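These are my notebook entries on one protein model. I set down what I looked up, entry by entry.

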Amino acid sequence: MNLVQLKNASILFGQPALIDSADLNIQSQERVCILGRNGSGKSTLLQVISGELKLDDGQRVVAGETVISRLPQDPPANTETRIFDYVAEGLGQSAALIKAYHEQANLIATDHSEQAMNKLQALQEQLDANNAWQLEQRIENVLTQLNLTADKLLSDLSGGWRRKAALARALVSQPDVLLLDEPTNHLDIEMVKWLEKTLMAFSGSLVFISHDRSFIRNLATRIVDIDRGQVTSYPVNYDKYLEQKAHDLEVEATHQKEFDKKLAKEEVWIRQGIKARRTRNEGRVRALKALREEYQARRKVLGSAVITGGEGQRSGKRVFELTNVSFAYEQQLILKDFNLLINRGDKLALIGPNGCGKSSLIKLLLGELEPDVGEVMRGVNLEVAYFDQHRSQLELDKPLIDVIADGKREVMVNGNPRHVISYLQDYLFSPERVNAPVSTLSGGEKNRLMLAKLMLKPSNLLILDEPTNDLDVETLELLESLLVEYQGTVLLVSHDREFIDNVVTSSLVFEGAGNINQFVGGYSDTLAWYAQQDAQHASSAKAKKQSAPASSVSTQAKHEPAPDAVKRDNSATQKKANKLSYNDRRELEQLPKQIERLESDIEAVQARINEADFFLQPSEKTQPVLDELQKHETALENAFERWEALEELKNNE
């Protein structure tokens, strides 16, 4: 069923059109991801779907009483508003009455006067008259579902939790269509995974904008691409979309090459001498005019940014070394007896929830904070370039050209002078926009400008705090390439799982209570290690549970033997139990290969299940695959238990 339809829809913010004669259908219970370059019109399209922005041309058709709710790109303002009141505003006209009742009910706890009670009763009667009691219950249910405290203030929340409150406000209206604009921004990895799980369970339709590739892969059932005003639907998962989009661009380039060849041939013909003009075909002249007009109207593919890092002098081999460092901040233990060595060329990710102390560790490394206990050694010749997720280095009222060149018209790029406009074009800012104030840029464009400013500075130590927010996929991949090839040291704070995996060589995972675990590899490697630990703990617990009844049974006998007989029996049994048989030894040698084979089988089956269209198949196709996974997992669990039991016997010999 089509819930929302756009027919021949156009949005004109000057020329050319931002959205040009687009057709789009949003069907029930689908999850649509909108992709496109920064500034292509993705957020504008969401506003059109929600009805907040009127079309300049075309139609917007909404089925029946379809409820549409939108989560904006930025988290709510850091105000003194209570979470209950903020969420209640998602119910529209009923919000004021519910907020007033909730506030008065809280006042009754301290004010027992007759006047206060009468006011509460009057509000109750209004709620009854408007049948609004169920709406208050709906607010409470959503707050419980998202683990939000009704009377807490927005100003007391981190950016991620304010984002969560905004989601509660969007969900409270029980929308048929939920629109999400960059929902993973400002969320840590665990909260992103929670959001994925919550949205997978959402019964309505989702339309979302995101540049988090893992998030898109896990959630989207269809991709809508916006490119030069054209809106194209790809009813496939993200990876297949990338293949089809690349093919479409190749086909377009081929057609344009043939078109350009034909146009050049006709231009040669029209410019022939007087003799040719006498025999000129007027129809051919009109056709040439049409070709010229089509060429002028062509919108070229937006190029990729050119990101060039300004590498400074070589730092010392040892960049940072922490020895037995402990540090607490505002009564929160950040580090406890922590040791760390960072060498030149290391690319290190800091992984953990918001507020766990990642920024504090960076400040300790840079000397902006001093440890409570222990020593921090800093290497020589460090030249630091710092990317701040809040973009505090950007002055919003200044034009782009002054932010980059500070009033000059040339900048130095790796020791060579370049005109500032030419340099800004590398970061996809056209000459017409260089004098626009920074405040007019989108979030992704501001991040591109931050990168342009950062990369001008020669450095051998890059510190990047959430550099991926709002960047389109093409720019993300270019930034990845730059960081991989960067010869200096990189400290990365990011919640983009795929970006971490593609860039870093090692990771620090903040586990809380001052504990930090160090890993070789990226986020996927840390996840695999924790999963293995959980599996081993579960296997050990199960083995202990199974061994307990067996031992108790062995001590029971139909006839109680004499004490000496018991001793002889127990001694013989213990001696026999503590010795491996020939078959046991052979089994122990073969078990590691068997476990490795089972893990490979599970990985292969899991890859099939993770395909976006897997659960769109009928159950007679999916259930055998799920049964196969269960079979392999059970076999692996049994193999681990047997291996641990035989290893224990071997160690006791």
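Which residues line the second largest cavity? I found Leu-71, Arg-163, Lys-164, Leu-167, Pro-183, Leu-187, Met-191, Trp-194 and Leu-195 in its lining. The elements that give two or more residues to this lining are α6 (159–171) and α7. I noted a volume of about 50 Å³ for the second largest cavity. Its lining has seven nonpolar, no polar and two charged residues.

Basis of the entries. I am working from a predicted model, in which local features need pLDDT of at least 70 and side-chain atom pairs count only at pLDDT 80 or more, while totals for chains, interfaces and linings use all residues. Residues are numbered from 1 along each chain as its sequence is written, and side-chain values use heavy atoms, with hydrogens and water left out.

Terms for empty space. Rolling a probe the size of a water molecule over the atoms shows where empty space is left. On a 1 Å grid over the protein atoms alone, a cavity is a set of points where a 1.4 Å probe fits but cannot get out, and a pocket is an open set with protein on both sides within 12 Å along at least five of seven lines; lining residues have an atom within 4 Å of a point. Grid points are joined across faces, edges and corners, and a volume is the space filled by probe spheres set on the points. For the classes, Ala, Val, Leu, Ile, Met, Phe, Trp, Tyr, Cys and Pro count as nonpolar, Asp, Glu, Lys and Arg as charged, and the others, Gly among them, as polar.

Cavities. I recorded two cavities of 30 Å³ or more. The largest cavity has a volume of about 130 Å³. It is lined by 16 residues, and Thr-184, Asn-185, Asp-212, Thr-468 and Asn-469 are the closest to its centre. I sorted the lining of the largest cavity into three nonpolar, eight polar and five charged residues.

Second largest pocket. I noted about 950 Å³ of space here. Of the 26 lining residues, Glu-196, Ser-214, Arg-217, Asn-218 and Asn-610 lie nearest the centre of this pocket. At least two lining residues come from each of α7 (189–200), α8 (213–219), α17 (497–503), α18 (523–554) and α20 (582–610). The lining divides into nine nonpolar, seven polar and 10 charged residues.

Overall fold. I counted 21 helices and 20 strands (DSSP runs numbered from the N terminus: helices H or I, at least four residues; strands E, at least two). Of the 653 residues, 42% count as buried (under 20% relative accessible area, 1.4 Å probe, protein chains only).

Helix α12 and what follows. In α12 (residues 358–366), I listed Lys-358, Ser-360, Leu-361, Ile-362, Leu-364 and Leu-365 as buried. Gly-367, just after α12, takes a positive phi of about 90 degrees. I then placed Asp-372 in the loop between α12 and β13 (373–378). Beyond its neighbours within four places in sequence, Asp-372 is in contact (heavy atoms within 4.5 Å) with Ser-326, Phe-327 and Ala-328. The side chain of Asp-372 reaches the backbone nitrogen of Ala-328 at 2.8 Å. Asp-372 and Tyr-329 are 43 residues apart in sequence, and 9.7 Å apart in space from C-alpha to C-alpha.

Cysteines. How many disulfides (cysteine sulfur atoms within 2.5 Å) does the structure hold? I found zero. Cys-33 is buried, with a relative accessible area of 0%, and Cys-356 is buried at 12%.

How values were computed: Buried means under 20% relative accessible area, exposed over 50%, partly exposed in between (1.4 Å probe, protein chains only). A disulfide is a pair of cysteine sulfur atoms within 2.5 Å. A polar contact is a pair of N or O atoms within 3.5 Å; within protein, one must be able to donate a hydrogen and the other to accept it, and residues adjacent in sequence count only if both atoms are side-chain atoms.
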